[in-house]
Amino acid sequence: MDGDIPNIKRWIVLYPVYINSKKTIAEGRRICVSKACENPTCAEIGDCCSHFKLPFAIEIDKAYPRDFMQRGRVRVLLKKEDGTLYNPAISSRKQLMLRVAELVPRHPGRTKKQEAASASSSAGPSSKSGKGGKKKR
């Protein structure tokens, strides 16, 4: 691992904003909206890179310059030192962004959140019936 630290500067950088469907191109999105995913996180992108068997490093303390409130970025290595690809299906930065964006919505943590949200939203309105409105003085 110590040998990789100087070389990590040469790895490609992938900010979550690049594949976020909620952002515009002016805000930093790099792929089309139809192929982008909604609000990806660095951990999800990192898990996708490990799924593709690509070496990656998550840098939590870094932020995207146009949106410095959202922290984190992922550095990914696509090619070995001899020039061969780690994953022959992913040969460029653009292909990596597209493949990660299609895999993030199926991330296990994301599917659990959606199931919990759908269960709570279906139970929510029925329990609130009859309550609400203005208070009487």
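Let me start at Phe56, which is found in strand β2, and let me say at once that what we are looking at is a predicted model. At 31% relative accessibility, Phe56 counts as partly exposed, because the partly exposed class lies between the limit for buried, under 20%, and the limit for exposed, over 50%. Phe56 does not stand alone on the surface, since together with Ile58 and Ile60 it forms a nonpolar patch, and the accessible area of these three residues together comes to about 260 Å².

Now to the overall layout. The protein has three helices and three strands, and, read from the N terminus, the order of the elements is β-α-β-β-α-α. Of the 137 residues in the protein, 34% are buried.

With that order in mind, let me return to strand β2, this time at Tyr64. Strand β2 covers residues 56-64, and Tyr64 lies in it, but at 6% relative accessibility Tyr64 counts as buried, whereas Phe56, in strand β2 as well, is partly exposed at 31%. The structure holds three aromatic pairs, and one of them joins Tyr18 and Tyr64 in an edge-to-face arrangement, with 5.8 Å from centre to centre and 90° between the planes. Which parts of the chain does this pair tie together? Tyr18 lies in the loop between β1 and α1 while Tyr64 belongs to strand β2, so the contact links parts that are 46 residues apart in sequence. Tyr18, for its part, is also buried, with a relative accessible area of 6%, and both tyrosines belong with Tyr15 to one aromatic cluster.

The loop that carries Tyr18, between β1 and α1, brings me to Lys35, which lies in that loop too, with β1 spanning residues 12-14 and α1 spanning residues 42-51. Is Lys35 buried, partly exposed or exposed? At 47% relative accessibility, Lys35 counts as partly exposed, because the exposed class asks for over 50%. Lys35 is also one of the residues in a patch of positive charge on the surface, where it gathers with Arg30, Arg66, Arg93 and Lys94.

Finally, let me move from the loop into helix α1, where Cys48 is found. Cys48 is buried, with a relative accessible area of 2%. How far apart are Cys48 and Arg99 in sequence and in space? The two residues are separated by 51 residues in sequence, and their C-alpha atoms are 8.6 Å apart in space.

Key:
Residues numbered from 1 in each chain as written. Predicted model: local features only at pLDDT ≥ 70, side-chain atom pairs only at ≥ 80, totals over all residues. Heavy atoms only, no water. Patch = residues over 30% accessible without salt bridge, like charges linked within 9 Å, V, L, I, M, F, W, Y side chains within 5 Å. Areas by Shrake-Rupley, 256 points an atom, 1.4 Å probe, with all protein chains shown as cover. Salt bridge = Lys/Arg side-chain N within 4 Å of Asp/Glu carboxyl O. Lys, Arg positive; Asp, Glu negative; His and termini not counted. Charge placed at Lys NZ, Arg CZ, Asp CG, Glu CD. Helix = DSSP H or I, 4+ residues; strand = E, 2+ residues; numbered from the N terminus. Buried < 20%, exposed > 50% of the residue type's maximum accessible area, 1.4 Å probe, protein only. Phe/Tyr/Trp six-rings, centres within 6.5 Å; stacked < 30°, edge-to-face > 60°.
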